[in-house]
Amino acid sequence: MHLPEVPIMSPLRLGGLLFVVASLCPLFSDAAEKLNVLLIVSDDLNVRLGCYGDEHARTPNIDRLAARGVRFDRAYCQNPLCNPSRASFLTGLRTDTLRIYENDTHFREIVPDVVTLPQTFQRNGYTTVRVGKLFHYNVPASIGTDGFDDLPSWHRTVNPRGRDKDDEDRIFTVTPEAKGAARFGGSLSWLAADGTDAEQTDGMIADAAATLLHELKDGPFFLGVGFFRPHTPYVAPKPWFALHPLNHLPTPRAPEGWLATVPAAARDHRKPQEDHLTDDIRQHAIQAYYASVSFMDAQLGRVLDALDREGLTSKTIVVFISDHGYQLGEHELWQKRSLYEWSLRVPLIVSVPGNAANGSVAKSPVELVDLHATLAELCGLPAPQTEGTSLAKLVRHPEQSLGLPAFSQIARTDNAIPRERKMDQVVYHGHTIRTDRYRYIEWDGGEKGAELYDELADPEELKNLVNDPAHAATVAMLKQQLAKQFPHRRPHQLPHPRGFVKLFDGQSVENWIRRGGTAAYRVENGLLIGRTAEGSKNTFLCPPRDYGDFELEFDVLCDPELNSGVQIRSHEYAEDTPQPSMPKRIRSAGEVYGYQCEIADRSKGTAGNFWDEARWTKWWAEPSVAGKDAYRDGEWNRYRIVAQGDRIRSWVNGVPVADFRDSLDASGFLGFQVHGIKAGTGPYEVRWRDIRIRELKPGEVVR
Ligand SMILES: [Ca+2]
């Protein structure tokens, strides 16, 4: 056994300490033969399953797998959204490490060299194959494509596309007017389909998996099988709907008055139409969900049958999970993204051939991020450093406890922020800790409220105890554990993945130095605002130190009447000095000079170009053709400036503008300009936000 001792009640989940030293002896087999891995992932599936005690579910195949494996009763995803969750459990890294908070960023953009779970097997002689959705896919839009796959993880991939795609115009949706993802994928939608199971994408996935098991039977293999159901649209052949008569299903509702007991943040991700669902729509949605689950279960059964048929059952570890849970009206919430049990709790079944504990239930809280370390240990493979804990001990001894809580998080994002700035879309985060007894939740580091539930007394999480004096000590303890696990709970506190630091924290510019003039600067609503002063020369607000080679980014919104700019590598005249380009003009002591990246309305065609302020008073570069039009008047504009050696470049709203070389100044201060104005005009304002900088390493290549 090579797991280090974990102190009981140690709250911190630090995989870094649990680096698995290679023990090349599989835990359950003396034979040299390596165990295969069959990882089956269902999409948007909660624990409304027979083996998890749901009396309405018809899931005989998942139940049969549970009977021949260890079922984890308290397994939690780290993020209740497809892409962040899948990126996490398929790497073994947590959301804040991956910085994947939404569905549009690929984890390789942030951690290009990470070794994924399938890659760990690949590196140890396994053939790795995927069929269907393992890494993120937009459903149903990307069905039949590679979606957001990670191709280096697989030797082969198969992307079936069934008649569910062809039948899309027949799907019922509560948002019929919506286009794209909002029509089916993100909205309650369903179809009791004609035709057979085998014609559906998930049916084809089961068939493909059966074929692959035959081809791969000589092993060792790691086969990932990703079903799309029950993700919306809930499409399943008609008999699966008939199996779940409407009047036999639960229709969860939050009790009267409950809404007032929780922070608004707990529910502010919900879709507007979900507040106005009729009882009839609710019933049909829940029926369609159960039908989709039973249909998916049957396809899973066909894969298990194929495993038996090929004689692989005794040589293959089978793991079944979902990427996150799902709400069906509990807390008046649907789908995912909440931090309640229904959204975070997932099925997790680990079936290891010959394990004496098969058929048992593990109660210890565990996390999907544990999967990478677990499968590596079960197969005796060296694993890279992950942030999970191997569950191999619990697989053998399910009655034991890891002594660790489970942590999850979700980001509330602003989709109005453009794609090129996805990483800035997070408005605030929610974080939660689940011990074997309690769930504690904080929104925006507690600024937007908190929740505490006693899961033993109140498993439906309807009694928020966070302000109950009798629970003050519990709250204090869990708060501390949460803060330790997530030291950067507010978006501006989180270190930027590419090493950017916030120059301006949205709170204060206390140590910054005003130079050159008398314009006024203030901080308001997280913005740095400069305001003109009549009679003033150009004024610059300067961070307190010099910068040499760097990458600088900021947003700026400038009144159209005002000219502005940002100085880089700049200096001030120590004494009254003749201006080099025009010696008759005397620049007074304290005036700022040097390269200035221009902020000016579009008609000038100069925004993003560099002006040599108060020195050579010339433009340093000819802006690119596209760059002349990149600035948007009266809107926020995103600037990027890279100064490296003698080369200086700029981008406005992602468009390259200036690129020139000069060696006059290798280093100097930055300055955020409020231009002087003509007498009798103004006042005008310029606003900056999200100012961040990254100093470059020598020789670093910056594209
Ligand atoms: Ca999902």
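These questions and replies concern a calcium site and two buried residues in a predicted model.

The model is predicted, so local features need pLDDT of at least 70, side-chain atom pairs count only at pLDDT 80 or more, and totals for chains, interfaces and linings use all residues. Residues are numbered from 1 along each chain as its sequence is written, and side-chain values use heavy atoms, with hydrogens and water left out.

Me: Why is Ser-85 called buried?
Reply: Buried means under 20% relative accessible area (1.4 Å probe, protein chains only), with exposed over 50% and partly exposed in between. Ser-85 has 2% relative accessibility, so Ser-85 counts as buried.

Me: Why does Gln-335 count as buried?
Reply: The relative accessibility of Gln-335 is 3%, and therefore Gln-335 counts as buried.

Me: What makes Asp-323 a contact of Ser-85?
Reply: Contact means heavy atoms within 4.5 Å. Leaving aside neighbours within four places in sequence, the contacts of Ser-85 include Asp-323 and Leu-368.

Me: Which residues coordinate the calcium ion?
Reply: Donors are N, O and S atoms within 2.8 Å of the metal (3.2 Å for Na, K and Ca); water is not among the atoms, so sites may look incomplete. Asp-43, Asp-44, Cys-82, Asp-323 and His-324 coordinate the calcium ion at 2.1 to 2.9 Å.

Me: Why do Cys-82 and Asp-323 tie together parts that are 241 residues apart in sequence?
Reply: Cys-82 lies in helix H2, whereas Asp-323 lies in the loop between strand E9 (316-322) and strand E10 (327-328), so the pair joins those parts. Helices (H or I, at least four residues) and strands (E, at least two) are DSSP runs, numbered from the N terminus.
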